[in-house]
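Visitor: Please give me a close look at how side chains are paired and packed in this structure. I would like one connected account, with the surroundings of the pairs included.

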Amino acid sequence: MKDFAKMFGRRYSAVCVSEEEGTNKHHSMITAGSSEVLQSDANPAATSVALTALQRAQRRKSLKANRSMKPMDILSSFFNEPNNGKRNRVPTRAFLLLAIGFLALTVAVLVKVFQPYDLIFKWKLIMSEGGEIFNLWAQPPVDLYIKIYLFNITNAEDFLAGREQLRVEQVGPYVYKEIMTHENVTFNKNNTMSSIPSHPLVWQEHLSEGRREDDHVIMLNIAMLAISHLTANHPFFVRMALKTLFVSTKSEPIVRTTAKEFMFGYPSALATLGNTFLPNWISFETVGLIDRMYDFSTDFETFYTGLSNPAQSGLYATYRGETTLPQWKGDHCSNIEYASDGTKFKSFIQPNETVKFFRKSMCRPINLYRMGEEKTFGSLKGYSYVFENNAFDNGVTNLDNRCFCRNGDCQPVGLIDVTDCYYGFPISLSFPHFMDGNVELQKNISGMSPDPAKHSSEFVIQPESGLPLSLSVKVQINMHFKDLSNFPTVSKFSYLTIPMLWFEIMMPKLPNSLDSRFNFYLNFLPLVNPFCFWSALLLGIGFLVYAITKSTLHMSSFARQAANISDRKYARTNLIQNLSGGASNQVFSPYEMMLLNDRPRSKKHAIVLSINKDSDFPELRRTSAYALDMEPALPGADESDIPIITIKSTTSCSSIEIQNCLNKDEICVECFVESSLNADLTEEDTYTDAAEQQVRLF
């Protein structure tokens, strides 16, 4: 680097002359080269003394005053250096590459800092009317199904007679396709959107494994058992009236019906009477578990758009205008804010972060935890999320779950009381076949066979987008009874928890069109960041290295050319300047030196002087002026290397002519009589033989 700095300094201290100055000097030198005759009547001795004094005065000046080191002059001479009469493109090209290199490095830094893919991806997550993510959320183009398994009672008579324990068998699946949509969406000013949920079901016979909706099953009479449970501790007269009603309507605790009627409602005299006399309590005339579970007519929900935080887009803000559910106390049990309805989960999920899920049929929010290794579904990868441990333990193990004990009454482990969500009916939820529940629940009912492989729920979620790749939510609906001994016809159900059905809401995989789209978004587009970063970085470094190397080689070549200019050429130029009366400290650029050096040899530089014959030409010693003029263009020049110019004359002459001697490093100055000069200075110029002076440079 030191050598490079010295070379750069030498190059510009010697040749920093603007192009305009070089052009002007070029013009003047051409005129002088053709024939320039300077007349002077002064005594040659006085002239030489004056020249010597002028040279000494010039030597006293600072080198800074003799050098043009202005930045603009340096850039101008470097990027506009002529080359054989044409502009040299190498420095300009190097400058452009240097600029492109810096620009590429700037781009690499910006890509690393701002991560353009992340910015674009976050922008895509924001819900806006007509946006891609919004359309997918409003009408998910997925295959969402609900599989329903009924618990058919096989020994109704023996159980009612008290001879046997209640025995059930699983019947199903009865499969329906759920058309999940968010309707009447309204965007609010607080970065939320309100909608009315809709979940109509469509029968899928080809997926039901031979089951039909008109299959006959023997099930519980939900209306009769629910009324008996609710009035079991009421006054005697109330109970007597209900007993009379049961007899008059010929109601039985166990009824025979079709699968569809049990799921979506069958005619019941008790339900009709309840709807007639208690419309605020029973707003329906038929009783069906799935029908009540999928009744969203009075629901309205609000979700975050993600404008303030893209990770929260599509998550619950409120349900029925509240962030908490009225049937539970405490945020752990009631807060549904930032929960997912299964359409889209939280984005940018961290490995140890929990995910919240809420659905009306479950009547509560529930936390999901990551489990296991990464899984692949189609072309996308995600992680399995499962229900939290002891989700239905009612505070026995997890004290936070004590808030699920309704009115302070905690049900056995494995059950959650959702009476308030099912019109006051004694409904409890559990996992299928009482999995992970109290063993007494299984012992009281025959036909239970819990299997974690078949009855566990699982959510496979792509953590960056929150996109569900696969869903399998399995919940069982039961009727949990207390003491019913005040009603003899249903007294056999006292303190029993009887399973009625369990369902699985499932999405096996994403459709191919959606899988391909998100494969592009999540697997290919993320390569934009590293590709842009490394491409810009390598391109910038490559351009910078190339530009610096090219510029270094260019200036090194120029320095070598400047150093290789022979002393003869510099001496000849300075001698012309001195003898012509010009500024003795003038420095010629290589541009000007080329013009002088390339002058045809037939065109001589003639300087005519009026010199007396008897005057002796004194010895001229330029002790340091030449070094000052050339430094630092001539490297290594010091006081000991300064050439001595000695002019000896045996006779006076009226004119001199400069030409090359036999030795290429010598300059000969011939003195001759003025009358012998040809007016046009042609090739037949005659010289005076009276005297010959030689100037030799060592």
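Guide: Two residues are in contact here when heavy atoms of one lie within 4.5 Å of heavy atoms of the other. With that in mind, and remembering that the model is predicted, a simple case to begin with is Ser198, which sits in strand β6, residues 192-198. Once residues up to four places away in sequence are set aside, Ser198 touches Ile179, Met180, Thr181 and Glu183. Its relative accessibility is 18%, and because buried means under 20%, Ser198 counts as buried.

For the wider setting, the protein comprises 22 helices and 25 strands, and 48% of its 698 residues are buried. Among contacts with a separation of 6 or more, 68% are between residues 24 or more positions apart, and several of the pairs described below also link distant parts of the chain.

The covalent pairs come to 3 disulfides. In one of them, Cys333 and Cys403 have their sulfur atoms 1.5 Å apart, and the link is right-handed because the torsion about its S-S bond is about 70°. This disulfide ties together distant parts of the chain, since Cys333 belongs to helix α15 (residues 331-334) while Cys403 lies in the loop between β16 (380-387) and β17 (416-417), 70 residues apart. Cys333 is buried, with a relative accessible area of 0%.

Another disulfide joins Cys363 to Cys421, again with a sulfur separation of 1.5 Å, and the 55° about its S-S bond makes this link right-handed. Here too distant parts of the chain are linked: Cys363 is in the loop between β14 (355-359) and β15 (364-377), and Cys421 is in the loop between β17 and β18 (427-430), 58 residues apart. The two partners fall into separate exposure classes, because Cys363 is buried with a relative accessible area of 2%, whereas Cys421, with 24%, is partly exposed. A disulfide is also found between Cys405 and Cys410, with an S to S distance of 1.8 Å, and with 105° about the bond it is right-handed. In this pair, Cys405 is buried with a relative accessible area of 10%, while Cys410 is partly exposed with 32%.

Turning to charged pairs, side chains of opposite charge can pair when their charged atoms come close. The whole structure contains 17 salt bridges. One of them joins Lys177 to Asp143, whose closest N and O atoms are 3.4 Å apart. This pair brings together strand β4 (residues 168-178), which carries Lys177, and the loop between α8 and β3, which carries Asp143, 34 residues apart along the chain. Lys177 is partly exposed at 21% relative accessibility, and Asp143 is partly exposed with a relative accessible area of 31%.

The loop between α8 (132-138) and β3 (145-153) also holds Val142, and Lys177 appears again among its partners: leaving aside neighbours within four places in sequence, Val142 is in contact with Lys177, Met507, Leu510, Pro511 and Leu514. Of these, Leu514 is 372 residues from Val142 along the chain, yet their C-alpha atoms are separated by 8.3 Å.

A further salt bridge pairs Glu458 with Lys375, the closest N and O atoms being 2.5 Å apart. It connects strand β19 (residues 458-462), where Glu458 is located, with strand β15, where Lys375 is located, 83 residues apart. Glu458 is partly exposed at 27% relative accessibility, as is Lys375 at 33%. Arg212 and Asp214 form another salt bridge, with closest N and O atoms 3.3 Å apart; Arg212 is partly exposed at 44%, and Asp214 is partly exposed at 43%. Elsewhere, Lys124, Glu132 and Arg517 are linked in a network of salt bridges.

Nonpolar packing completes the picture. The largest nonpolar core has 115 residues, and those with the most contacts inside it are Ile148, Leu150, Phe459, Ile477 and Phe493. Apart from neighbours within four places in sequence, the residues in contact with Leu150 include Val171, Tyr174, Val217, Met219, Phe262 and Leu501.

Definitions and conventions. Residues are numbered from 1 along each chain as its sequence is written. This is a predicted model: local features need pLDDT of at least 70, side-chain atom pairs count only at pLDDT 80 or more; totals for chains, interfaces and linings use all residues. Side-chain values use heavy atoms; hydrogens and water are left out. Helices (H or I, at least four residues) and strands (E, at least two) are DSSP runs, numbered from the N terminus. Buried means under 20% relative accessible area, exposed over 50%, partly exposed in between (1.4 Å probe, protein chains only). A nonpolar core is a set of buried Ala, Val, Leu, Ile, Met, Phe, Trp, Tyr and Cys residues joined through side-chain atoms within 4.5 Å. A disulfide is a pair of cysteine sulfur atoms within 2.5 Å. A salt bridge is a side-chain nitrogen of Lys or Arg within 4 Å of a carboxyl oxygen of Asp or Glu.
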